[in-house]
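Visitor: Could you take me through one part of this model up close? I'd like to see how the pieces around it fit together.

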Amino acid sequence: MNFLSKLFMNNNEEKNKNTDKNSKLRNDKNYNESVQNLVNSQNYYSATDFLIYVDTDNFKVNIFKGKQKNWIIQKSFLCTIGKKSTPTPKGTFSIGVKGLYFGVNKGYKCWYYTSFKGNYLFHSIIYNLDGSVRDGRLGMALSDGCIRLSKINAKYIWDTIPTKTKVIIV
């Protein structure tokens with residue numbers, strides 16, 4: 001009987017995990033629609049045909065393409081933002097300088113950095129010099145103010161988003 005109870009509980013736990021995944025996917029779709037409606041309800045303008053909207057409450061970097069009042073969401077990435085003692089700045093900024101990596105002189109590597117305000121950057125999670133992940137956590141407030149992304153998502157911004165693109169951080 002004890003064995004069957006454990007087996008039944010494990011099956012229910014597995015069903016709950018699958019339900020949670022499905023809910024998350026539905027919520028992501030609703031989130032994308034909601035953030036797109038929000039961005040288009042504002043009078044956001046960008047000097048390029050891209051716009052980046054960072055939602056710090058939900059740890060999301062949202063990439064839009066289009067023009068004022070007609071922004072279409074292209075991508076939405078999970079990110080890590082600044083911790084309370086070193087917060088990510090909020091406001092309106094523009095994409096500036098880009099670089100392949102930084103941090104080697106301090107014993108780590110962050111790939112594909114893109115500046116949005118001085119030394120505040122979009123960049124990859126933190127890697128050790130041997131290529132292993134040093135800190136891969138996303139969806140948290142723990143950086144020194146930069147916005148961390150998975151390496152592939154940092155590369156997407158680095159490759160795709162032109163300088164002077166408007167960045168809105170709320």
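**A close look around Ile52**

Guide: Let's start with Ile52: beyond its neighbours within four places in sequence, Ile52 is in contact with Val61, Asn62, Ile63, Ile95, Phe122, Ile161, Thr165, Lys166, Val167 and Ile168. Bear in mind that this is a predicted model.

Several of those names come back when you look at the largest nonpolar core, which has 24 residues. Ile52, Val61, Ile63, Phe122, Ile157 and Val167 are the members that touch the most others. As for where the core comes from, β1 (50–55), β2 (60–67), β7 (108–117), β12 (147–149), α2 and β13 each give two or more residues to it. As a rule, nonpolar side chains in soluble globular proteins tend to be buried together. There is also a second, separate core of 10 residues, and Tyr44, Phe64, Ile73 and Ile168 are among them. So Ile168, a contact of Ile52, belongs to that second core.

Now pick up another contact of Ile52, namely Thr165. Thr165 sits in the loop that links α2 (151–160) to β13 (166–169). Buried or exposed, what is Thr165? Its relative accessibility is 0%, so Thr165 counts as buried, the cut-off being under 20%. Setting aside residues up to four places away in sequence, Thr165 touches Ser46, Thr48, Phe50, Leu51, Ile52, Phe93, Ser94 and Ile95. Ile95 is worth a second glance, since that residue is on the contact list of Thr165 and on the list for Ile52 too.

On the other end of that loop is α2, where Asn153, Ala154, Tyr156 and Ile157 are buried. They lie on the same side of α2, because the arc they cover around the axis is only 150°. The spacing behind this is general: an α-helix has 3.6 residues a turn, so residues three or four places apart point the same way. Ile157 is the one you met above, among the core members with the most contacts to other members.

For contrast, look out at the surface. Leu100, Tyr101, Val104 and Leu129 form a nonpolar patch there, with about 340 Å² of accessible area together. Leu129 is in the loop between β9 (126–128) and β10 (133–135), and at 48% relative accessibility Leu129 counts as partly exposed.

How values were computed. Residues are numbered from 1 along each chain as its sequence is written. This is a predicted model: local features need pLDDT of at least 70, side-chain atom pairs count only at pLDDT 80 or more; totals for chains, interfaces and linings use all residues. Side-chain values use heavy atoms; hydrogens and water are left out. Helices (H or I, at least four residues) and strands (E, at least two) are DSSP runs, numbered from the N terminus. Buried means under 20% relative accessible area, exposed over 50%, partly exposed in between (1.4 Å probe, protein chains only). Contact means heavy atoms within 4.5 Å. The arc is that of the directions from the helix axis to the C-beta atoms. Patches are made of residues with over 30% relative accessible area and no salt bridge: like charges are joined within 9 Å, nonpolar side chains (Val, Leu, Ile, Met, Phe, Trp, Tyr) within 5 Å. Accessible areas come from the Shrake-Rupley method with a 1.4 Å probe; for residues, only the protein chains shown count as cover. A salt bridge is a side-chain nitrogen of Lys or Arg within 4 Å of a carboxyl oxygen of Asp or Glu. A nonpolar core is a set of buried Ala, Val, Leu, Ile, Met, Phe, Trp, Tyr and Cys residues joined through side-chain atoms within 4.5 Å.
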